[in-house]
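Here is a set of short questions and answers on one protein chain. Keep the sequence and the 3D view open while you read.

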Amino acid sequence: MKVVFSPRAKKQLKSLSRTAQIILAKKIGELTVRVTNEEKLSGYQDIYRIRIGNYRLVYKRSRQQIFLILIGHRKEIYRLLHELLG
């Protein structure tokens, strides 16, 4: 399975601390092998999130790929998602 970053997700990942980037990159790599503690977001079709400490990965899953929509802190990620997807 292939992981694809949205331009916004790539920018958000680069803006985080180096430690957070390493932790999130490891978890993103694990998405292709197995998915742990993913939750479907209510109100959105085929959109999931994974909690990683204070950060959240929001992504859309298909058979061939995982499309990372947003990466961010738990306090702001759902507001950003609502602004982005309505």
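Q: How many residues lie between strand 3 and strand 4 in their hairpin, and which residue in the turn has a positive phi?
A: This is a predicted model, in which local features need pLDDT of at least 70, side-chain atom pairs count only at pLDDT 80 or more, and totals for chains, interfaces and linings use all residues. Residues are numbered from 1 along each chain as its sequence is written, and side-chain values use heavy atoms, with hydrogens and water left out. Strands (E, at least two residues) and helices (H or I, at least four) are DSSP runs, numbered from the N terminus. Strand 3 and strand 4 form a hairpin with two residues between them, and the turn residue with a positive phi, about 65°, is Gly53.

Q: What is the average pLDDT of the chain?
A: pLDDT is the predictor's confidence in each residue, from 0 to 100. Among the elements, helix 1 (residues 7–15) has the highest mean, 96, and strand 2 (residues 38–40) the lowest, 89. At least 70 is reached by 98% of the residues, and the chain average is 91.

Q: In what order do the five strands stand in the sheet?
A: Two strands pair if DSSP finds at least two bridges between them. Strand 3 and strand 4 are antiparallel over six bridges, and strand 4 (residues 55–61) and strand 5 are antiparallel over seven. Strand 1 (residues 2–5) and strand 5 (residues 65–73) run parallel over four bridges. The pairing is mixed, the sheet is open, and the order is 1-5-4-3-2.

Q: Which strands stand at the edges of the sheet?
A: The five strands form an open sheet in the order 1-5-4-3-2. Each edge strand has a single partner strand, so one side of each is left without a neighbour in the sheet; the edge strands are strand 1 and strand 2.

Q: Which residue in the turn between strand 2 and strand 3 has a positive phi?
A: Strand 2 and strand 3 pair in the antiparallel sense over three bridges. Within that pair, Lys40 stands opposite Tyr48. Six residues separate the two strands in their hairpin, and the turn residue with a positive phi, about 90°, is Gly43.

Q: Which residue of strand 5 stands opposite Tyr59?
A: Strand 4 and strand 5 form a hairpin with three residues between them. From strand 1, Phe5 stands opposite Leu68 in strand 5. Tyr59 also has as its opposite residue in strand 5 Leu68.

Q: Is Arg49 buried or exposed?
A: Buried means under 20% relative accessible area, exposed over 50%, and partly exposed in between (1.4 Å probe, protein chains only). Arg49 belongs to strand 3 (residues 47–52), where five of the six residues are buried. At 12% relative accessibility, Arg49 counts as buried.

Q: With which side chain does the side chain of Arg49 make a polar contact?
A: A polar contact is a pair of N or O atoms within 3.5 Å; within protein, one must be able to donate a hydrogen and the other to accept it, and residues adjacent in sequence count only if both atoms are side-chain atoms. In strand 4, the bridge partner of Arg49 is Val58. The polar contact of the Arg49 side chain, at 3.0 Å, is with the side chain of Tyr78.

Q: Why are the buried residues of helix 3 on the same side of the helix?
A: The buried residues of helix 3 (residues 77–85) are Ile77, Leu80 and Leu81. The arc is that of the directions from the helix axis to the C-beta atoms. These residues lie on the same side of helix 3 because they cover an arc of only 100°.

Q: Which elements do the buried residues of helix 3 pack against?
A: Contact means heavy atoms within 4.5 Å. After helix 3 comes Gly86, with a positive phi near 75°. The buried residues of helix 3 pack against helix 1, strand 4 and strand 5.

Q: How far apart in space are Ala20 and Asn54, C-alpha to C-alpha?
A: Ala20 sits in helix 2 (residues 18–33). Ala20 is buried, with a relative accessible area of 8%. Ala20 and Asn54 are 34 residues apart in sequence, and their C-alpha to C-alpha distance is 9.8 Å.
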